[in-house]
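Here is a quick walk through a protein model for someone meeting it for the first time. Have a look at the structure, then read on.

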Amino acid sequence: MWSRFLNLNMQFRNKMILSFFIVIGLTAIIMGYSYYRMMSRELEASTLQGLERMTTQSVDTLDLHFKTASNIGYSYFSDTSLQKFLDGPPNTDNEQYYRNRIISNKLQNPLISFISITRLDGQQISSYYYYNRNVKSLLDEEQAHLFDKALRMDGTPFWTVSHTTISTTVTPVKTVSYIQLLKRITMNEQHPIGYIKIDIDPGVLNKIFPEPQKSDASKYYIADRSGHIIFAQNKEDIGKSIAGSPLFAAYKKAPRSSDYVNFRYENRNKTYIGFYERLDAGDWIVIGNIPLDQVLSKVNSFRHTLIVIAMISFLAAMLIASLIAAGVTRPLKELNKKMKQVEMGDFGATIEVKGKDELSTIQHSFNKMTAEISSLISKVYETELLKKEAEIKALQTQINPHFLYNTLSTIDSISSVDGDERVSFICIALGSMLRYNLNGGSLATVQEEITHLNQYLSIYQIRFANVFAYEIEVEPGMEDLILPKFLIQPLVENAIIHGLEQKVGNKKVRITLGSVDDSFLKIIIEDNGVGMDPAMIELFHRKLNNPNAIVSRQTSSRTMIGLANVFKRIQLYFESDPRVEIYSQPGAGTKIYFELPKRTA
């Protein structure tokens, strides 16, 4: 009601004066026992909610860590190459490969302290070796026990308590480990070949729970449903049981209404709040307690603060008046907040206008300003898009007149011989190439691009009969990947014109398309032409590494123009610079290698 009253068409100064008297009156009303009781309940509820959020966050973090370790373990379990390696005789190269892979997994995942893969004969591949005899003896004995349990689980992964070492000490410490039996799986059978063990760094587990203070009597455990402690901040508690404790007895009696449950219980004439939440891994729970007086400490502190405020409230009327004025100027704060959003680039920020005073006029002007800025940005963005599309189409439609001239000359020479079917073949191929160039669209599949390249090279093969040959090798499964049109042809054309036409004898060009990994593909163009000297190669790299040089059309070398054309189109389509390598020696041919992201329709 007061908010609606203050939004009336009053002068800003009158609003401030009226607000002062309203706040003084509210201060006198809220001073009392009822306010204290209300705030006590809210603070207690807020503290319990904070405890629930903290516990839930800890459980979510634990589940995420366990899932990460499980995913790593499954990647080894499902690795058929690893199955063959473990099932066969020892192989030094494969052993070094998997050791490097294990070390890489450990380095990339700080939550892991140790990873090991053990064969049936006891030979182990691990992220590091133990040289201390006592440590090795303890861990070998434990691993034999874990291996027996893994055999009984028959490939089902499980979590358990085990010993590990960390980088700061060689002393074994207890932690939580992921264990899974590894099997050789074929169409006819499956049999054990070893097992994998992944240790969680206990330091990571410690950081998940809040650090206990000197006066903090709260405790946190990871335990199974029988009360056996899986992990605790106090390492001496790991492996013990809390089944007979008042905390666990109260946990057993607590209602299971949700994943997170808190309950109260008495222990030695002191009231505690217990809590637990389920974990996905190992059918475990996070369980703990906190003294009730610790939860209510904020309530008691608030009571004392409230008494002090009540005593000095009327003596600090001017201070309160300034605070009230600050509350009345909330529209200015809102305006300042929205202006900061605009500074950060959010030009969609608007203010809800209330009233018709001076501040409302400013708010109207601010909203109008942001709307105009957004409109201008949209227009500029659309203009840039149209400019980019026009540039792409201009690059695509470039056709080398040298090629067209030589093609037509070849047709003219052959046409003088009656009945030569090569004329028909060249015309059909040239017509298909022109249709491919003019049929619209800026993208094509690898299969379409290779078909166009075959037509292009077949014409050259007729022109240079008996001395020119070409090879195109495409890795299976890449035919449906998407490329910008005419991405490869300019580079092949450069190889023929500048590398092969000047060569005496057999001329050959080879084009290879293959995968680098799941995200990138490679394209290689090789020729046995006259090659290039080191100075020319250096000039190539200098031009390609300079974006301004790529855009520039003032270079006299058509080879540079062709490669710059390809570079520019890759930059426009993929918004990144491709990796390019050029290898060449005078008289030994040229090889161009580049990579770009895989794209599908």
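## The big picture

Take the contacts between residues at least 6 apart in sequence: 61% of them join residues at least 24 apart. Keep in mind that what you're looking at is a predicted model. The protein has 20 helices and 17 strands, and of its 601 residues, 41% are buried.

As for the outside, the accessible surface adds up to about 33,500 Å². Carbon and sulfur atoms account for 55% of that surface.

## Two nonpolar cores

In soluble globular proteins, nonpolar side chains tend to be buried together. Here, the largest nonpolar core holds 63 residues. The residues with the most contacts inside this core are L62, F66, W159, I222, F263 and I287. Which helix gives the core its largest share? That's α3, which supplies nine residues.

Apart from this core there is another one, made of 48 residues. Among its members are V423, Y460, F540 and I570.

## Aromatic rings

A search through the whole structure turns up 18 aromatic pairs. One of them is F66 with W159, a tilted pair with 4.5 Å from centre to centre and 45° between the planes. F66 belongs to helix α3 (residues 33–77) and W159 to strand β3 (residues 158–166), so this pair ties together parts that are 93 residues apart in sequence. Both F66 and W159 are buried.

Rings can also gather in a group: F248, Y251, F263, Y265, Y272 and Y276 make up one aromatic cluster. Charged side chains get in on the act too. R101 lies over the face of Y76, 4.4 Å from the ring centre, while the charged end of K507 sits over the ring of F464, at 5.8 Å from its centre.

## Helix α8 and its strands

Helix α8 runs over residues 246–253, and its buried residues are L247, F248, A250 and Y251. Why do they end up on the same side of α8? They cover an arc of only 160° around the axis, and that puts them on the same side of the helix. As a general rule, an α-helix has 3.6 residues a turn, so residues three or four places apart point the same way.

What do these buried residues of α8 pack against? Their partners are the strands β6 (219–224), β8 (260–266), β9 (271–278) and β10 (284–291). F263 is a good residue to click on here. Leaving out residues up to four places away in sequence, F263 touches L247, A250, Y251, A254, Y272, I273, G274, F275 and Y276.

## Two positive phi angles

N269 is not a glycine, yet its phi is positive, at about 60°. You'll find N269 in the loop between β8 and β9. Is N269 buried or exposed? With a relative accessible area of 82%, N269 is exposed.

F486 also has a positive phi without being a glycine, with a value near 55°. F486 sits in the loop between β13 (482–484) and α17. At 8% relative accessibility, F486 counts as buried, because the cut-off is under 20%.

## Around I496 and G589

I496 lies in helix α17, which covers residues 489–500. With a relative accessible area of 0%, I496 is buried. Setting aside residues up to four places away in sequence, I496 touches Y456, L457, Y460, F468 and E501. One of those, Y460, is also a member of the 48-residue core. The C-alpha atoms of I496 and K508 are separated by 8.7 Å, with their positions 12 residues apart along the chain.

Last stop: G589, in the loop between β16 (579–584) and β17 (590–597). Is G589 buried or exposed? Its relative accessibility is 4%, so G589 counts as buried. Beyond its neighbours within four places in sequence, G589 is in contact with D527, N528, G529, G531, Y583 and S584. G589 and K503 are 86 residues apart in sequence, and their C-alpha atoms are 9.8 Å apart in space.

Key:
Residues are numbered from 1 along each chain as its sequence is written. This is a predicted model: local features need pLDDT of at least 70, side-chain atom pairs count only at pLDDT 80 or more; totals for chains, interfaces and linings use all residues. Side-chain values use heavy atoms; hydrogens and water are left out. Helices (H or I, at least four residues) and strands (E, at least two) are DSSP runs, numbered from the N terminus. Buried means under 20% relative accessible area, exposed over 50%, partly exposed in between (1.4 Å probe, protein chains only). Contact means heavy atoms within 4.5 Å. Accessible areas come from the Shrake-Rupley method with a 1.4 Å probe; for residues, only the protein chains shown count as cover. Rings of Phe, Tyr and Trp (its six-membered ring) pair if their centres lie within 6.5 Å; planes under 30 degrees apart count as stacked, over 60 as edge-to-face and the rest as tilted. A charge sits over a ring if NZ of Lys or CZ of Arg is within 6 Å of the ring centre and within 35 degrees of the ring normal. The arc is that of the directions from the helix axis to the C-beta atoms. A nonpolar core is a set of buried Ala, Val, Leu, Ile, Met, Phe, Trp, Tyr and Cys residues joined through side-chain atoms within 4.5 Å.
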